[in-house]
Amino acid sequence: MNFKDLKVGNPVYILESAGTFLKTNVYYVGTVSNIGGVYDNTINNPYLSPSLKKKLIDITVSCNGISKKLTVNADKDIMCDAAIGLTIATNK
């Protein structure tokens, strides 16, 4: 299921990687607590082809009492952000 097809209350699967020298991976199941509408990536580049524009969606994921708002590609079912060590997917 793509991110654009999620509804409030749907589960999402989270893999968190933490640690500098010894990476530890922790698996969580969270829920979608808020979801916005699909919108175009607003890059003001007149040379950018319309086919290269991305459809984005804002979702808020709740897990263990913590909520995090994320902007993800609406047509994907997994997102990886190595900078914060999160991988979030709509399917196991």
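**Note on an all-strand predicted model**

1. Among the contacts in the protein between residues at least 6 apart in sequence, 45% join residues that are at least 24 apart. This figure, like the others in this note, is computed from a predicted model.

2. As for secondary structure, the protein has seven strands and zero helices, so that the order of elements from the N terminus on reads β-β-β-β-β-β-β. Of the 92 residues in the protein, 25% are buried, and the surface that the protein exposes comes to about 6300 Å², with 54% of that area supplied by carbon and sulfur atoms.

3. Strand β1, which covers residues 11-18, pairs with strand β2, which covers residues 24-35, in the antiparallel sense and over eight bridges. A bridge that can be looked up in the structure is the one between S17 and its partner in β2, N25. The hairpin of β1 and β2 has five residues between the strands, and in this hairpin G19 takes a positive phi near 110°.

4. Strand β2 is also joined to strand β4, residues 55-63, by four bridges, and these two strands run antiparallel. Here N34 has T60 of β4 as its bridge partner.

5. Turning to the interior, the largest nonpolar core has 15 residues, and F3, I59, V72 and I88 are those with the most contacts inside it. The elements that give two or more residues to this core are β1, β4, β5 (66-73) and β7 (86-89), and it is β4 that provides the largest share, with four residues.

6. V72 deserves a separate look in the viewer. When residues up to four places away in sequence are not counted, V72 touches F3, K55, L56, I57, I59 and M79; of the residues in that list, F3 and I59 are named with V72 among those with the most contacts inside the core.

7. On the surface, a nonpolar patch is formed by L15, Y27 and V29, which together have about 280 Å² of accessible area. Is L15, a member of this patch, buried, partly exposed or exposed? L15 counts as partly exposed because its relative accessibility is 35%, a value that falls between the 20% under which a residue is buried and the 50% over which it is exposed. L15 lies in strand β1, and β1 is also one of the elements that give two or more residues to the largest nonpolar core. As background to this point, side chains in a regular strand alternate between the two faces of the sheet.

Technical notes
Residues numbered from 1 in each chain as written. Predicted model: local features only at pLDDT ≥ 70, side-chain atom pairs only at ≥ 80, totals over all residues. Heavy atoms only, no water. Buried < 20%, exposed > 50% of the residue type's maximum accessible area, 1.4 Å probe, protein only. Contact = heavy atoms within 4.5 Å. Areas by Shrake-Rupley, 256 points an atom, 1.4 Å probe, with all protein chains shown as cover. Pairing = 2+ DSSP bridges. Core = buried A, V, L, I, M, F, W, Y, C linked by side-chain atoms within 4.5 Å. Patch = residues over 30% accessible without salt bridge, like charges linked within 9 Å, V, L, I, M, F, W, Y side chains within 5 Å. Salt bridge = Lys/Arg side-chain N within 4 Å of Asp/Glu carboxyl O.
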